[in-house]
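Welcome! Have the sequence and the 3D view ready, and try each exercise before you read its solution.

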Amino acid sequence: MAAEKWVLMVTAQTPTNIAVIKYWGKRDETLILPVNDSISVTLDPDHLCTTTTVAVSPSFDQDRMWLNGKEISLGGGRYQNCLKEIRSRACDVEDTEKGIKIEKKDWQKLHLHIASFNNFPTAAGLASSAAGFACLVFSLAKLMNLKENQSQLSAIARQGSGSACRSLFGGFVKWILGKEGNGSDSLAVQLVDEEHWNDLVIIIAVVSSRQKETSSTTGMRESVETSLLLQHRAKEVVPKRIVQMEEAIQNHDFSSFAQLTCADSNQFHAVCLDTSPPIFYMNDTSHRIISYVERWNRSVGSPQVAYTFDAGPNAVLIARNRKIATELLQRLLFFFPPNSETDLNSYVLGDKSILRDAGIDGMKDIEALPLPPEINNISAQKYSGDVNYFICTRPGGGPVLLSDDSKALLNPKSGLPKEA
Ligand code: DP6
């Protein structure tokens, strides 16, 4: 190792993902081994992602981490497990330009600085831990020159947060539950990349909620302990659904995809209700969105939009194509118009071209939206303020390295957060 006080850094960006066949329940809490396989779609990192810079320097005297600019503790077991797993696989690293040479054994003594930033509100319940742990593992693997492939890295990210393992790939991803006691075969594999089914458009409704939700970790522990439906789901229902879902994805069979996605979301929330005491993640707004989508799908005679809800009230709506997404956004804005003081630009985020296709430029256009034909007047009430904002996005790619130094979150000389 060179004696100088050099800093070596890597910056990466990792997407978040939304499960269409849900992971709910662990058979091993420490290793984070699930009771069933799950399948997710990766969301476009342009709209929802985590950026992480990891740095190593002989001048660092402890491992430190900053999340969205604020220092957080790395003391938790999940961080410690990920760091331990990665350090044990680190290899020699040489940067001839900077005159840096790190040997495999040096990694046990060297300390790390980690800075992470989400391009979406961390508290909005949008799987920030999935993107976060995936990015931590991916960027450290690059820094420390790990030889493991992406699936093997996913088994490390899994130990940070289960759903994080699926964020190591783009497109549609399956987390295989595995059989081994040590979790070595509980990892993610890519089913298809993001180009395979690129007609799909995803609109997320970030629903207003005052309720403090039960964390996924606590919720699933209680479900495992008390819900008989969870056991039936894991043994009988999910294995068949996984096969059908893989087929639907391979064949671009939207009807089957939507039917399975909605049914699985509903069963996951039924398991939550079957838990003692029951867990309520969805609220009235979530239920309303389900009713609108169901009614629209039924009126057309085949599914146009699929819905899925994680451990919170936000709706993730998957439209079969752009035309349907445009009609979906019109319907959503009809029922959930922004408050008069809300700027449309901050009410519809992400891919705003869908808003333009929908012919919506301002409040006047929203007020002029017609009543959707499948709705009768009695249920045509509007719920302004019940949705905080919408994000228009699509299936996206997996982790990438950002070589542009200006994207780094740590100062290349001090190794401290740039804004500090
Ligand atoms: C409802 O991955 O957040 O989003 O493994 O305890 O960190 P831990 O839980 P987490 O759970 C996600 C649950 C879910 C469904 C899913 O993403 O499959």
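Four short exercises with worked solutions follow.

This is a predicted model, in which local features need pLDDT of at least 70, side-chain atom pairs count only at pLDDT 80 or more, and totals for chains, interfaces and linings use all residues. Residues are numbered from 1 along each chain as its sequence is written, and side-chain values use heavy atoms, with hydrogens and water left out.

**Exercise 1.** Find the domains into which the protein is divided.

Solution. Start with the bounds, which come from an automatic or database domain assignment. Domain 1 covers 8-193 + 403-407, and domain 2 covers 201-393. Next, take the C-alpha centres of domain 1 and domain 2: they lie 28 Å apart. Finally, look at contacts, meaning heavy atoms within 4.5 Å. Here 29 residues of domain 1 touch 42 residues of domain 2.

**Exercise 2.** Which residues have the most contacts inside the largest nonpolar core?

Solution. First, the term: a nonpolar core is a set of buried Ala, Val, Leu, Ile, Met, Phe, Trp, Tyr and Cys residues joined through side-chain atoms within 4.5 Å. Buried means under 20% relative accessible area, exposed over 50%, and partly exposed in between (1.4 Å probe, protein chains only). The largest core has 72 residues, and Phe257 and Leu333 have the most contacts inside it. Helix 8 (residues 322-335) gives the most to this core, with 8 residues; helices are DSSP runs of H or I with at least four residues, numbered from the N terminus. Both domain 1 and domain 2 supply at least three residues each to this core. Now zoom in on Phe257: leaving out residues up to four places away in sequence, its contacts include Val20, Trp197 and Ile318.

**Exercise 3.** Which residues are closest to the ligand?

Solution. Collect the residues with a heavy atom within 4 Å of the ligand. There are 17 around the ligand, the closest being Tyr23, Lys26, Arg78, Ser161 and Ser163. Helix 4 (residues 216-226) gives the largest share of this shell, 3 residues. Then check polar contacts (pairs of N or O atoms within 3.5 Å):

- Arg78: a polar side-chain atom lies 2.7 Å from a ligand oxygen.
- Gly162: a polar backbone atom is 2.7 Å from a ligand oxygen.
- Ser163: a side-chain N or O atom is 2.6 Å from a ligand oxygen.

**Exercise 4.** Is serine 139 buried or exposed?

Solution. Locate Ser139 in helix 2 (residues 128-143). Ser139 counts as buried because its relative accessibility is 0%. Beyond its neighbours within four places in sequence, Ser139 is in contact with Val10, Ala12, Thr52 and Val54.

Technical notes. Helix = DSSP H or I, 4+ residues; strand = E, 2+ residues; numbered from the N terminus. Polar contact = N/O pair within 3.5 Å; in protein donor to acceptor, adjacent residues only side chain to side chain.
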